[in-house]
Amino acid sequence: MNSCTAAGQQEFQLYSQAYDVQYVQADAVLQAVGSAERSIWASRQPRVNKFGYFEPNDAAYYIDTVEPPKTAAIRASLLVVKNYNEAMIALASGENAKALSAKISTLTINVASAALAVAALTTPSATTAQVAASNTGRFAKAMTGYLDYLPFVTEVANIASREAFRKQLIESYPTISDILLTMRNDGTRVMYEVLRTPGDNGVDTPAPKTDAGAQKLLAGWVLLLDKTNLALEAAVNAARTGSQISLDSLSQASVELTVLAEQVRAAKLEK
């Protein structure tokens, strides 16, 4: 990326703006999921906790300003991708090794936080065969593997130059891409279960009816995740080669992501 720092700043800035626009839609989806997840828990309490005991494993549900477990795990995993983008854009903008080290450290901390949030989905009270076989179980297992594998988590302390940062970020791209794919293929199924589950069912119990509003809300986000992954690939290729062709591809991918995000926003998809 040293070779494209000056010439590629505009392209990476455009990519940064495109990613931020689609992240707004992700936030809207997560707000809907979080609200539904908390409502399900509250409606089940009279049945599963008849004597009103305090349940430590349910701590996140008691506080309205804290996201419930599934929503928190998904948001934390998305934050890892966002931090990765910020580190790559900082590198393209010419920030020095010390400044980049701070961004990578933030990324590393958030990887650890995401791993904890995902692990919370499989607490002892939830480790039944049914949950392990559910979409939640598959999501948690896959995401935990990817978060544990990210190279910069164990090697960040050894990085001392911009070139080393560049190599680490490029090396980590396949795992970041896998995180997005897991979010698309498993995470959205977990979210759909939450959005369509009536209050008197368990969160992992499939609801008997299709929820068209939830499907459309998540469909818009799936399309954005696909475009985001393509734009991320273009950004990594630009970081790897610094060629004008790769920078042009990044610009095109960024424009397409921005246009799609605006189309999804204009559709006013909501649960």
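The exercises below work through a predicted model of one protein chain, each with a stepwise solution.

**Exercise 1. Describe the overall fold of the protein chain and say what share of its residues is buried.**

Solution. Begin with secondary structure: the protein chain has ten helices and zero strands, so that, under the DSSP-run criterion, the pattern read along the sequence consists of α elements, α-α-α-α-α-α-α-α-α-α. Next, consider burial: of the 271 residues in the protein chain, 49% are buried. Then turn to the contacts with a separation of 6 or more, of which 78% are accounted for by residues 24 or more positions apart. Finally, the protein chain exposes about 12,800 Å², and carbon and sulfur atoms supply 56% of that area.

**Exercise 2. Determine where in the protein chain the confidence is lowest and where it is highest.**

Solution. Start from the average: the pLDDT of the protein chain has a mean of 83, and 85% of the residues score at least 70. Then go to the helices, where confidence is lowest in helix α5 (residues 129–132), at a mean of 45, and highest in α9, at 93. Last, locate the stretches in which pLDDT stays under 50. One of them is residues 1–6, for which the model has 21 contacts beyond four places in sequence; another is residues 125–129, with four contacts beyond four places in sequence.

**Exercise 3. Identify which helices are linked by the salt bridges of Asp 226 and Glu 256.**

Solution. The structure holds six salt bridges, and two of them are examined here. In the first step, take Asp 226, which forms a salt bridge with Arg 184, with the closest N and O atoms 2.6 Å apart. This pair links distant parts of the chain, since Asp 226 is in helix α9 (residues 212–241) and Arg 184 is in helix α8 (residues 162–196), 42 residues apart. Both partners can be classified by accessibility: Asp 226 has a relative accessibility of 28% and therefore counts as partly exposed, and Arg 184, also at 28%, is partly exposed.

In the second step, take Glu 256, whose salt bridge with Lys 227 has its closest N and O atoms 3.0 Å apart. Because Glu 256 lies in helix α10 (residues 244–266) and Lys 227 in helix α9, the pair ties together parts that are 29 residues apart in sequence. Glu 256 is partly exposed, with a relative accessible area of 31%, and Lys 227 counts as partly exposed at 25%.

**Exercise 4. Find which residues are joined with Arg 75 into one network of salt bridges.**

Solution. First consider the pair itself: the side chains of Arg 75 and Glu 67 meet in a salt bridge, at 2.8 Å from N to O. Glu 67 has a relative accessible area of 25%, which means that this residue is partly exposed. Then extend the view to shared partners, through which salt bridges join Asp 27, Glu 67 and Arg 75 into one network.

**Exercise 5. State which residues make the nonpolar surface patch of about 370 Å², and place Tyr 62 within the secondary structure.**

Solution. The patch is made by Phe 54, Tyr 62, Ile 63 and Val 66. Among them, Tyr 62 has its place in helix α2 (residues 59–62). To check that Tyr 62 can belong to a patch, recall that members need over 30% relative accessible area; Tyr 62 has 34% and is partly exposed, so this residue passes that cut-off.

Methods:
Residues are numbered from 1 along each chain as its sequence is written. This is a predicted model: local features need pLDDT of at least 70, side-chain atom pairs count only at pLDDT 80 or more; totals for chains, interfaces and linings use all residues. Side-chain values use heavy atoms; hydrogens and water are left out. A salt bridge is a side-chain nitrogen of Lys or Arg within 4 Å of a carboxyl oxygen of Asp or Glu. Buried means under 20% relative accessible area, exposed over 50%, partly exposed in between (1.4 Å probe, protein chains only). Helices (H or I, at least four residues) and strands (E, at least two) are DSSP runs, numbered from the N terminus. Patches are made of residues with over 30% relative accessible area and no salt bridge: like charges are joined within 9 Å, nonpolar side chains (Val, Leu, Ile, Met, Phe, Trp, Tyr) within 5 Å. Accessible areas come from the Shrake-Rupley method with a 1.4 Å probe; for residues, only the protein chains shown count as cover. pLDDT is the predictor's confidence in each residue, from 0 to 100. Contact means heavy atoms within 4.5 Å.
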